[in-house]
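Trainee: Could we go through this one together, a bit at a time?

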Amino acid sequence: MRLGPKPAVLGLLILCASAAGSGDAEELHYAQGEHRTDYDREALLGGQEEVDEYVKLTPEEQHKRLKSIIKKIDLDSDGFLTESELSSWIQMSFKHYAMQEAKQQFVEYDKNSDGSVSWDEYNIQMYDRVIDFDENTALDDAEEESFRQLHLKDKKRFEKANQYSDSGLNLEEFIAFEHPEEVDYMTEFVIQEALEEHDKNGDGFVSLEEFLGDYRRDPTANEDPEWILVEKDRFLNDYDKDADGRLDPQELLSWVVPNNQGIAQEEALHLIDEMDLNSDRKLSEAEILENQDLFLTSEATDYGRQLHDEHFYHDEL
């Protein structure tokens with residue numbers, strides 16, 4: 001199957017890569033390791049409409065809703081927010097908005113409004129047409145073949161998410177397709193998919209060499225480039241928990257599945273460092289209200305978005 005001019009193929013590749021994971025978004029969020037608040041506002045506040053809505057709140061209403069959120073973060077009700085409580089809240093917030101986004105996407109993808117998303121509807125929403133590849137026939141063009149591989153992976157994930165082999169995915173199955181890391185019955189599929197891609201010798205593990213992919217050291221260089229040193233450090237210290245020089249399926253899962261725990265912990269520590277006025281390594285309500293602007297531009301309130309979401313500030317919820 002030929003897809004036409006290469007620029008069109010490149011566009012489809014970008015779309016497919018965007019659907020496959022959140023790595024690009026994380027790179028934008030933490031460009032060169034630096035936390036970009038401007039990106040946070042653009043991507044997480046919800047655009048100009050959310051900003052305008054925030055401005056409309058009176059200071060008294062902002063204050064009231066913020067105090068309600070603080071009370072919910074304080075799991076043990078001792079009047080202080082610890083690193084653990086802040087981190088847990090931020091992770092919960094990430095998951096909540098991911099699920100909300102998937103629900104909104106479901107409506108957009110369900111073209112005939114029958115309560116399910118078919119594979120054809122998914123293709124039409126993603127690529128403006130139905131695309132069908134032969135699983136057993138590789139394409140000569142490198143870009144087209146790369147897209148074929150990505151598209152086939154999407155199709156396999158779609159089929160796995162379809163628990164009852166219906167004509168399409170219901171909402172719960174669509175969430176499993178979009179966020180397989182959040183659904184237990186997709187875990188084995190995620191692991192097997194990663195092994196198929198990275199386990200080149202078929203031993204059921206991913207070695208350091210397989211982890212690094214096609215990298216080969218320049219024979220004229222005295223040492224590896226910086227990015228390789230960083231990746232090696234991640235392999236050894238973040239993923240290879242039993243230090244046996246390879247990633248087993250569970251260790252592999254911690255690599256390939258987006259994990260917001262580290263980001264949440266980093267943000268929690270940042271807030272405590274900036275707002276803890278008496279150096280007790282926890283935040284009181286008074287300290288947070290004293291630094292309200294900082295708190296409302298952090299992931300703890302999803303950059304102010306939670307002040308407009310009753311799921312977070314409403315006392316009865």
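What follows is a short chat about a helix, two loops and a strand.

Mentor: Quick ground rules: this is a predicted model, with local features needing pLDDT of at least 70, side-chain atom pairs counting only at pLDDT 80 or more, and totals for chains, interfaces and linings using all residues. Residues are numbered from 1 along each chain as its sequence is written, and side-chain values use heavy atoms, leaving out hydrogens and water.

Trainee: How far apart are the end C-alpha atoms of helix 8?

Mentor: Helices here are DSSP runs of H or I, at least four residues, and strands are runs of E, at least two, numbered from the N terminus. The expected span is 1.5 Å times one less than the number of residues. For the 20 residues of helix 8 (residues 142–161) that gives 28 Å, which agrees with the end-to-end distance of 29 Å.

Trainee: Is Asp128 buried or exposed?

Mentor: Asp128 sits in the loop between helix 7 (119–127) and helix 8, and its phi is positive, near 70 degrees. Most residues other than glycine have a negative phi. Buried means under 20% relative accessible area, exposed over 50% and partly exposed in between (1.4 Å probe, protein chains only). At 69%, Asp128 is exposed.

Trainee: Which residues is Ser284 in contact with, leaving aside its neighbours within four places in sequence?

Mentor: Ser284 belongs to strand 6 (residues 283–284) and is buried, at 16% relative accessible area. Contact means heavy atoms within 4.5 Å. With those neighbours set aside, the partners of Ser284 are Gly79 and Phe80.
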